[in-house]
Amino acid sequence: ALNIDLVRAEAAAIEREEIMMRILSATRGSPEGAKAVGVVVVRALSATFSVGVDPAAVALRQALQGMDKPDGGPMAAVQALGAVLCAADGKPMAADALLAAGADMQVLALIDRFMDTPSVVTMGAGAMACLAAAAALSEDNCKTFCLMAVRCLKVPKQSANALTACMTLLWKLCDRSRDLQQLVFECGAAPACLQAMAAHPENAGTQLAAMWLLFVLADGAAGIAQEIVDGGGAKLIVSALERFATESGVQYHGSQVVWVMVDGKPSIQDSFLLANAHIVLLQALAAESFSATVKVNVTWALRALSEGRDAVVRDLVMGEAVSIIVGNLKQHVDNDRLVHIIVVVLWSLWANYFQAQREAVKCDAVGALIATLKKHCQHVGIVATSIGALRALCGVAEVQEALRRQGGARAVRDAMQAHPDESPIQAAGETILQILGPIMDEVEEPLCPLM
């Protein structure tokens, strides 16, 4: 019955329950048999999962109980925990059956017994994450899983894979409720997370999982941002962004953490600026390989870092920020989320630093903004910021000439007609048209379809 090929061959003729009972009879009291049962059950489940869920859960529980005895070593525990992971991964019904059979307590017992064995912790955290998808998972189950994962995080010299698995489990659980976020925070997950980043700076998976967890915590638990900064988090986060400059996952979650932590918090803003976060993020924005989704977070983080800081604006402009940002506006003009925040940042740059206006002329920011108005003429937020940004540039003679030459007045009028009740759009548009003076239109049909 332990022969996988035999089980697969008999699966069509023998009821699944009978197969499971054979396995149980053959493995009862045998550590090696208990180690093998998980593999057999997983293969049997993969054939036709709709039948025999409960017997499978019983078999897996039997395997786990066998591993919790003195004659079951860590490698056998890894096999049993791996069986739980495979059986429940992406299968909520199986996860429910396993919980009903008490597998969660056995998983916790194994992790507790072999907490100093990284492979057991890694597989155990994965098993807990799969069980966490069960519909029957209670709040008490979640709390117990959280506490165990934080304990594992704090084990000295834990492996990168084990730490990554534990942090991944924690952010998934924290996503379920604010209470769990607060519990994980109060248990000391943030300092442990930073220790994991410091212990394994070369591991991209560890850095990504850590920043994802830090984001979930910072977005929910009060006071977490300051605790992260006090623990050296700003430097660790920026170092990871710099080290993994080509890893989209690290850039996405790292910039997200910076944005959430810095926004509206001047003291935390200082810490990230001292670590040169704005320079590192500008380099990420310049990378052509990243998607618009990544660059949305990067641009919001730059916006938060530069808010109210003239010196930062100057550094960004001197670092060719205007050219880089306008380039992204041209490249991703179809993406309204990225376009919106890009125009906000551009407006902020040249409204606070005159040299940025000169840079805008060089890289044809006017043409990019006119194209944006035409493309998103019904999007009130993009229209308002684009016209506001053009208004801020209109004091430059070259900008006025570019607007006249590229049909800027026409685009502004069309946008105003599309949003007649939006006073900021009307006011900024009127100012632009007054500066440009009367201009003859060559085309009668409006470029922007009116509602």
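Begin by selecting Met261 in this predicted model, and you will find that, leaving aside residues up to four places away in sequence, Met261 touches Ala218, Ala225, Ile228, Val229, Ile237, Ile268 and Phe272. Keep Met261, Ile237 and Phe272 highlighted and add Leu349, since these four are the residues that touch the most other members of the largest nonpolar core, which has 150 residues.

Now zoom out to the whole protein chain, where you can count 28 helices and 0 strands. Of its 451 residues, 52% count as buried, and if you consider the contacts with a separation of 6 or more, 74% of them are between residues 24 or more positions apart. Should you switch on a surface display, the chain exposes about 19,200 Å², of which carbon and sulfur atoms supply 53%.

Next, select helix H22, residues 336-352, and place a distance between its end C-alpha atoms: they are 24 Å apart, which agrees with the 24 Å that its 17 residues should span at 1.5 Å a residue. Look just at the start of H22, where a side-chain oxygen of Asn335 comes to within 3.3 Å of the backbone nitrogen of Arg337. Then colour the buried residues of this helix, among them Leu338, Val339, Ile341, Ser348, Leu349 and Trp350. Which helices do the buried residues of H22 pack against? Show H19 (292-306), H20 (310-318), H21 (321-331), H23 (354-362), H24 (365-375) and H25 (380-393), and you have the list of these partners.

From there, move on to H25, whose end C-alpha atoms are 20 Å apart, in agreement with the 20 Å expected for 14 residues at 1.5 Å each. Is this helix largely enclosed or largely open? Because 10 of its 14 residues are buried, H25 is largely enclosed by the rest of the structure. The buried residues include Gly381, Ile382, Thr385, Gly388 and Leu393, and the buried residues of H25 pack against H22, H23 and H24 as well as H26 (397-405), H27 (408-418) and H28 (423-436).

The next stop concerns aromatic rings, and a search of the whole structure finds 2 aromatic pairs. Select Trp171 and Trp212, which form a stacked pair with 3.8 Å from centre to centre and 10° between the planes. This pair links distant parts of the chain, for Trp171 lies in helix H10 (residues 160-174) and Trp212 in helix H13 (residues 204-218), 41 residues apart. Trp171 has a relative accessible area of 12% and is therefore buried, whereas Trp212, at 26%, is partly exposed.

Now select Trp259 and Trp300, whose ring centres are 5.1 Å apart and whose planes meet at 5°, so this pair is stacked. Here too distant parts of the chain are linked, with Trp259 in helix H16 (residues 248-262) and Trp300 in helix H19, 41 residues apart. Trp259 counts as partly exposed at 21% relative accessibility, and Trp300 counts as partly exposed at 32%.

For the last stop, return to helix H13 and select Gln207, which lies in it. Is Gln207 buried or exposed? Its relative accessible area is 2%, and because buried means under 20%, Gln207 is buried. What does its side chain reach? The side chain of Gln207 reaches the backbone oxygen of His200 at 2.9 Å. If you then show the residues that Gln207 touches, not counting those up to four places away in sequence, you will see Met197, His200, Pro201, Ala240 and Phe244.

How values were computed. Residues numbered from 1 in each chain as written. Predicted model: local features only at pLDDT ≥ 70, side-chain atom pairs only at ≥ 80, totals over all residues. Heavy atoms only, no water. Helix = DSSP H or I, 4+ residues; strand = E, 2+ residues; numbered from the N terminus. Expected span 1.5 Å × (residues − 1). Buried < 20%, exposed > 50% of the residue type's maximum accessible area, 1.4 Å probe, protein only. Contact = heavy atoms within 4.5 Å. Polar contact = N/O pair within 3.5 Å; in protein donor to acceptor, adjacent residues only side chain to side chain. Phe/Tyr/Trp six-rings, centres within 6.5 Å; stacked < 30°, edge-to-face > 60°. Core = buried A, V, L, I, M, F, W, Y, C linked by side-chain atoms within 4.5 Å. Areas by Shrake-Rupley, 256 points an atom, 1.4 Å probe, with all protein chains shown as cover.
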